[in-house]
Amino acid sequence: MASTLFSRTFLAATHRLITPSLLPQKPLHLASFLTRRGFFSQLGSYSTAYRSARAMASAGIGARAGYSTSSSVATNEPVVSVDWLHSNLREPDLKVLDASWYMPDEQRNPIQEYQVAHIPGALFFDLDGISDRSTSLPHMLPSEEAFAAGCSALGIENKDGVVVYDAKGVFSAARVWWTLRVFGHDKVWVLDGGLPRWRASGYDVESSASGDAILKASAASEAIEKIYQGHSVSPITFQTKFQPHLVWTLDQVKNNMEDQTYQHVDARSKARFDGTAPEPRKGIRSGHIPGSKCVPYPQLFDSASQTLLPAEDLKKRFEQEEISLDKPILASCGTGVTACILAMGLHRVGKTDVPVYDGSWTEWATQPDLPMEGEDSSS
């Protein structure tokens with residue numbers, strides 16, 4: 001199965017990555033790493049004085065009240081700013097997750113990139129490793145037992161507030177935000193603008209001088225593998241409470257196609273939705289589920305900062321596609337990743353119960369008896 005194969009590949013790569021000869025003997029800061037390669041000028045030079053001024057100016061919430069998920073950040077707000085995270089980064093009950101993930105055709109390795117540069121103290125959350133081992137569909141939600149085992153191996157507890165980011169800005173982090181909420185953990189936010197915004201704000205990054213975070217990511221994947229093999233895993237420090245209303249199955253989508261109770265919104269590009277551009281995964285036809293509408297996920301961000309648009313702008317974006325915010329909405333995409341960005345944007349405008357079709361277009365398009373629309377749907 002694809003997910004199992006990835007897990008084994010991941011573990012093998014992890015063991016190679018944490019070989020002492022391949023790890024830096026001292027912490028390697030991104031600035032010095034890039035300077036030696038002549039790329040530092042691309043990031044800009046941020047002085048210590050500048051960073052100190054930013055920290056003092058943005059201390060705001062943290063300086064007044066200290067870290068508190070109940071008082072400083074509301075769970076009805078899906079994102080936090082890089083300034084907020086910088087002010088609260090060292091709080092003991094705050095976990096930061098690097099959830100970077102890339103499409104297969106991008107040929108990027110998120111684990112290696114994490115080792116080169118990540119937000120200080122961040123753990124690595126492997127989107128494919130913490131997934132269902134009983135299906136060939138990519139990174140499907142694992143069982144409750146498996147997810148609890150994976151989070152426990154990472155060191156995440158129910159008392160923790162969690163901030164998730166990725167190296168693209170906001171991409172795969174939204175999937176992990178949604179996943180944690182599906183399993184009952186509401187104290188979770190996406191870092192607005194992600195690692196690029198963090199760097200552009202002049203905040204430090206670190207590299208992995210030790211393999212601790214990589215070992216935890218490997219342990220999480222191994223724990224899930226054991227659960228699917230019928231073995232028990234301990235200790236379990238994370239308890240789940242499954243929220244079925246946040247995730248939809250193929251049958252639910254098929255039924256909704258008939259009764260149209262939920263407005264179905266697709267996060268893929270218009271060309272993929274229309275069937276005029278190929279899907280990035282081989283063997284998958286392009287097109288869309290009948291009755292669905294297209295809101296490409298990049299349209300939910302400010303083009304300059306790559307941060308989530310204000311609520312009023314988000315409302316206008318959905319209304320432009322004749323999507324009523326007064327009626328239920330369902331989100332899908334290619335494999336259930338960018339659909340979570342739509343769910344995140346809708347969360348900001350007050351729709352906190354938007355379900356995501358986990359299998360999304362990859363599952364739908366591989367079923368020979370299901371209807372499709374678009375130029376490529378009949379091929």
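1. A cavity, in the sense used here, is a set of grid points where a 1.4 Å probe fits but cannot get out. With that in mind, the largest one in this predicted model has a volume of about 50 Å³. The structure holds 2 cavities of 30 Å³ or more, and the second largest offers about 40 Å³ of space. I come back to both of them below, after a look at the sheet.

2. Let me start with the open sheet. Its 5 strands follow the order 1-5-4-2-3, and their pairing is parallel. The edges are taken by strand 1 (79–80) and strand 3 (123–124); each has a single partner strand, so one side of each is left without a neighbour in the sheet.

3. Strand 4 deserves a closer look, and you may like to start with its partners. Strand 2 runs parallel to strand 4 and is joined to it by 5 bridges; within this pair, Leu94 has Gly161 of strand 4 as its bridge partner. Strand 4 (residues 161–165) also pairs in the parallel sense with strand 5 (residues 188–191), this time over 3 bridges. There, Val163 is matched with Trp189 of strand 5.

4. How is strand 4 placed with respect to the rest of the structure? Of its 5 residues, 5 are buried, so the strand is largely enclosed by the rest of the structure. The side chains go both ways: Gly161, Val163 and Tyr165 point to one side, while Val162 and Val164 point to the other, and all are buried. The cut-off behind that word is a relative accessible area under 20%.

5. The connection that follows is worth tracing in your viewer. Strand 4, helix 9 and strand 5 together make a β-α-β unit, and its hand is right-handed. Helix 9 (173–182) is also where Arg175 sits, a residue that turns up in the next two points.

6. Now back to the largest cavity. Its lining is made up of Phe125, Leu127, Ile130, His139, Met140, Leu141, Pro142, Arg175 and Thr179. Sorted by class, these are 6 nonpolar, 2 polar and 1 charged residues.

7. Arg175 has a further role in the salt bridges. Its partner is Asp358, with the closest N and O atoms 2.8 Å apart. Asp358 lies in the loop between strand 10 (356–357) and helix 16 (360–365), whereas Arg175 belongs to helix 9, so the pair ties together parts that are 183 residues apart in sequence. Are the two partners buried or exposed? Asp358 is buried at a relative accessible area of 5%, and Arg175 is buried too, at 1%.

8. Another link reaches across the chain: Glu106 and Lys168 meet through their side chains in a salt bridge of 2.9 Å, N to O. This pair connects distant parts, 62 residues apart: Glu106 is in the loop between strand 2 (94–98) and helix 7 (110–116), and Lys168 is in the loop between strand 4 and helix 9. Here the partners are partly exposed, with a relative accessibility of 27% for Glu106 and 33% for Lys168.

9. A local example makes a nice contrast. Lys315 and Glu312 form a salt bridge of 3.4 Å, N to O. Both lie in helix 14 (residues 311–320), 3 residues apart, about one turn of the helix. Lys315 is partly exposed, its relative accessible area being 27%. Salt bridges can also share partners, and in this way Asp93, Lys95, Lys159 and Asp160 are joined into one network. The count of salt bridges comes to 16.

10. Finally, the second largest cavity. Which residues line the second largest cavity? They are Val253, Asn256, Met257, Gln260, Tyr262, His264, Ile289, Pro290, Gly291 and Ser292. Helix 12 (residues 250–259) gives the most to this lining, with 3 residues. By class, the lining divides into 5 nonpolar, 5 polar and no charged residues, whereas the lining of the largest cavity includes 1 charged residue.

Key: Residues numbered from 1 in each chain as written. Predicted model: local features only at pLDDT ≥ 70, side-chain atom pairs only at ≥ 80, totals over all residues. Heavy atoms only, no water. Pairing = 2+ DSSP bridges. Helix = DSSP H or I, 4+ residues; strand = E, 2+ residues; numbered from the N terminus. 1 Å grid on protein atoms, 1.4 Å probe; cavity = no way out; pocket = protein on both sides within 12 Å on 5 of 7 lines; lining within 4 Å. Points joined across faces, edges and corners; volume = space filled by probe spheres on them. Nonpolar A, V, L, I, M, F, W, Y, C, P; charged D, E, K, R; others polar. Salt bridge = Lys/Arg side-chain N within 4 Å of Asp/Glu carboxyl O. Buried < 20%, exposed > 50% of the residue type's maximum accessible area, 1.4 Å probe, protein only. Right-handed = clockwise from strand over helix to strand, strands pointing away.
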